[in-house]
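This report looks at how two protein chains meet and how they contact two DNA strands. Please have the sequence and the structure open while reading.

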2 protein chains.
Amino acid sequence: MEQSSESYIYQRLKNAIIKGYIKQGTKLVETTLAKQMQVSRTPIRGAIRRLTYDGFAVYEANKGTCVIKPTLQEIKETFFVRQQLEKTAARLATETISPEQIQELQHYCHEEIQTFENRDIEEFHRINDAIHLLIAQVSGNTVLRRYIEELLNRTKIYLILYDPFQTTPLNPSIKEHQKVIEALQAKDPDAAEKAMELHMLSSYESMEIPVLPEDYISL
Amino acid sequence: MEQSSESYIYQRLKNAIIKGYIKQGTKLVETTLAKQMQVSRTPIRGAIRRLTYDGFAVYEANKGTCVIKPTLQEIKETFFVRQQLEKTAARLATETISPEQIQELQHYCHEEIQTFENRDIEEFHRINDAIHLLIAQVSGNTVLRRYIEELLNRTKIYLILYDPFQTTPLNPSIKEHQKVIEALQAKDPDAAEKAMELHMLSSYESMEIPVLPEDYISL
DNA sequence: CAAGCTAGAAATGTATACAATTTTGCCAGA
DNA sequence: TCTGGCAAAATTGTATACATTTCTAGCTTG
């Protein structure tokens, strides 16, 4: 499948933002990026606009587009919305989840433990995402799934600002996932919702404004 | 304030879709629209892409963009997500709402009753939107507010498919709004959440596939 | 007559040119 | 030195031209 130039550029830019290669607040200048990526302004422009619609950048007419620089307040608000939707997804999932899907979730949990022992943070996050996305999918509400996916993506960029060295203790996360999965297996909506609520809460309640040099760039 | 051509085109197209002037499933051809609107393809293209990101159209690479043609399932799913978020907003609003804001809501309710007597459906919907948006704003969570605003916009297009003649009894809606406002005034989170849940539920639970000629256009 | 192929048309994707707006930096004057 | 303004540079907004892909209509062939 031949992918369009714009999609490719979009992916590259998004990745660079999420990974922190592009500093928050940076202005995304069309002409500059066009030269760097050896394409015309047209696909660059499209990619930048898409980043805007996805919430990774802010646009001002006749001024240009900058990578977002969220406040701690905004970050917590976003996590809160994500929490609400994931709570709902977990509740719905108790009614529709199949034994195979439960097995898949448990498999992820095992992988998570192994990855934790290996200290492979990147892989750990990949598995974490997979768990949350699977539950969102199992919920059976595709609109809900799309919103959760969007918010999950959006919260990734926040983790860089909040915890650039990724030192957050991941151990509790594993146990929390297991709690959610147990509730799903027991088909207990209230327990599933509560478990997910607590899990999401622990991922943002302790956030504080990090002390970093102004021009800090995470690897 | 001078608005860009693209923004203007976006607004026009969105309005045409929401009002039903453009039939659901219609392909949005760049060249055709460019001729109609007397501009080049560039701003048309941007406007169409934006409609895509807002969920009013679907895009396929190298194929083009079509106005969405949601199934009843999708419509109900979207209303459900909106319901979840508005429930949350109502709950949060009980903690932050001011006497002035309560008064503003009550004012809307009075307007709503008058408008109902005048059978001005368009105005009625405008007031209804204002009530929901104000509660979302009062919640104090701007991310939540933006999502609710997006979903409110998106559900507008659904009402055309569901009820093109806008014959839905609006009377219960007024009473439901009053219930929500009473709960906000009493600063009772559970009551506010419940009242909003019931109000949202009544707006979509009874939806059925409408019987319409294939080429039906609302006004 | 149906299925498949092919050339032309049509539509989207990208590059480039030009217009309008904003930003920047320098200079004059108080 | 500070401020205001003006002109050049930089950047975004739009138009147009060209490239590539997809759609369509008509023809061929079994």
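## Interface and DNA contacts

Two salt bridges are found across the interface of chain B and chain A. The model behind this count is predicted. In one salt bridge, the side chain of E6(B) meets that of R49(A), with 2.3 Å from N to O. Polar contacts also cross the interface of chain B and chain A: 12 residue pairs qualify, both partners at pLDDT 80 or more.

Which elements of chain B carry this side? Those giving two or more residues to the side that touches chain A are α3 (41–53), α4 (72–96) and α7 (142–162) of chain B. The top contributor is α4(B), with nine residues. By class, the side of chain B that touches chain A holds nine nonpolar, six polar and eight charged residues.

Next, the extent of the contact. Chain B brings 23 residues to it, and chain A brings 23 residues. Together the two chains bury about 2100 Å². Carbon and sulfur atoms make up 56% of that area. Three residues stand out on the chain B side: Y53(B), E77(B) and Y147(B) supply 28% of the area that chain B buries against chain A, more than any other three residues.

**Symmetry of the two chains**

How are the two copies related? Chain B superposes on chain A after a rotation of 180 degrees, with 0.0 Å of shift along the axis and an RMSD of 0.0 Å. The copies are therefore related as by a two-fold rotation axis. Which residue of chain B comes closest to the rotation axis? Y53(B) does, with its C-alpha at 3.2 Å. Y53(B) is also one of the three residues that supply 28% of the area buried by chain B against chain A. The copies meet through the same surface, because 100% of the interface residues of chain B are also interface residues in chain A.

**DNA strand D**

DNA strand D is surrounded by 21 residues. The closest are R45(A), Y59(A), S5(B), S40(B) and T42(B). Both chains thus appear in this list. Of the strand D atoms within 4 Å of the protein, 66% belong to sugar or phosphate, and the rest belong to bases.

Y59(A) and S5(B) each approach a phosphate oxygen of strand D, the former through a polar side-chain atom and the latter through a backbone N or O atom. T42(B) instead reaches a base nitrogen of strand D with an N or O atom of its side chain. Several elements give two or more residues to the surface near strand D: β1 (27–28), α2 (30–37) and α3 (41–53) of chain A, with α1 (5–19) and α3 of chain B. α3(B) gives the most, three residues. The surface near strand D has five nonpolar, eight polar and eight charged residues.

**DNA strand C**

Around DNA strand C there are 21 residues, and S5(A), S40(A), K63(A), R45(B) and Y59(B) come nearest. Sugar and phosphate account for 65% of the strand C atoms that come within 4 Å of the protein.

What does R41(B) contact on strand C? An N or O atom in the side chain of R41(B) lies by a base nitrogen. Phosphate oxygens of strand C are approached by the side chain of Y59(B) and by the backbone of N62(B).

At least two residues of the surface near strand C come from each of α1 (5–19) and α3 of chain A, and from each of β1 (27–28), α2 (30–37) and α3 of chain B. α3(A) has the largest share, three residues. By class, the surface near strand C divides into five nonpolar, eight polar and eight charged residues.

The table gives the distances for both strands.

| Residue | DNA atom | Distance |
|---|---|---|
| Y59(A), side chain | phosphate oxygen, strand D | 2.6 Å |
| S5(B), backbone | phosphate oxygen, strand D | 2.7 Å |
| T42(B), side chain | base nitrogen, strand D | 2.8 Å |
| R41(B), side chain | base nitrogen, strand C | 3.0 Å |
| Y59(B), side chain | phosphate oxygen, strand C | 2.6 Å |
| N62(B), backbone | phosphate oxygen, strand C | 3.1 Å |

Conventions:
Residues numbered from 1 in each chain as written. Chains lettered and ligands numbered in written order. Predicted model: local features only at pLDDT ≥ 70, side-chain atom pairs only at ≥ 80, totals over all residues. Heavy atoms only, no water. Contact = heavy atoms within 4.5 Å. Buried area = accessible area lost by both parts, 1.4 Å probe. Salt bridge = Lys/Arg side-chain N within 4 Å of Asp/Glu carboxyl O. Polar contact = N/O pair within 3.5 Å; in protein donor to acceptor, adjacent residues only side chain to side chain. Helix = DSSP H or I, 4+ residues; strand = E, 2+ residues; numbered from the N terminus. Nonpolar A, V, L, I, M, F, W, Y, C, P; charged D, E, K, R; others polar. Least-squares fit on C-alpha atoms with pLDDT ≥ 70 in both. Near = heavy atom within 4 Å.
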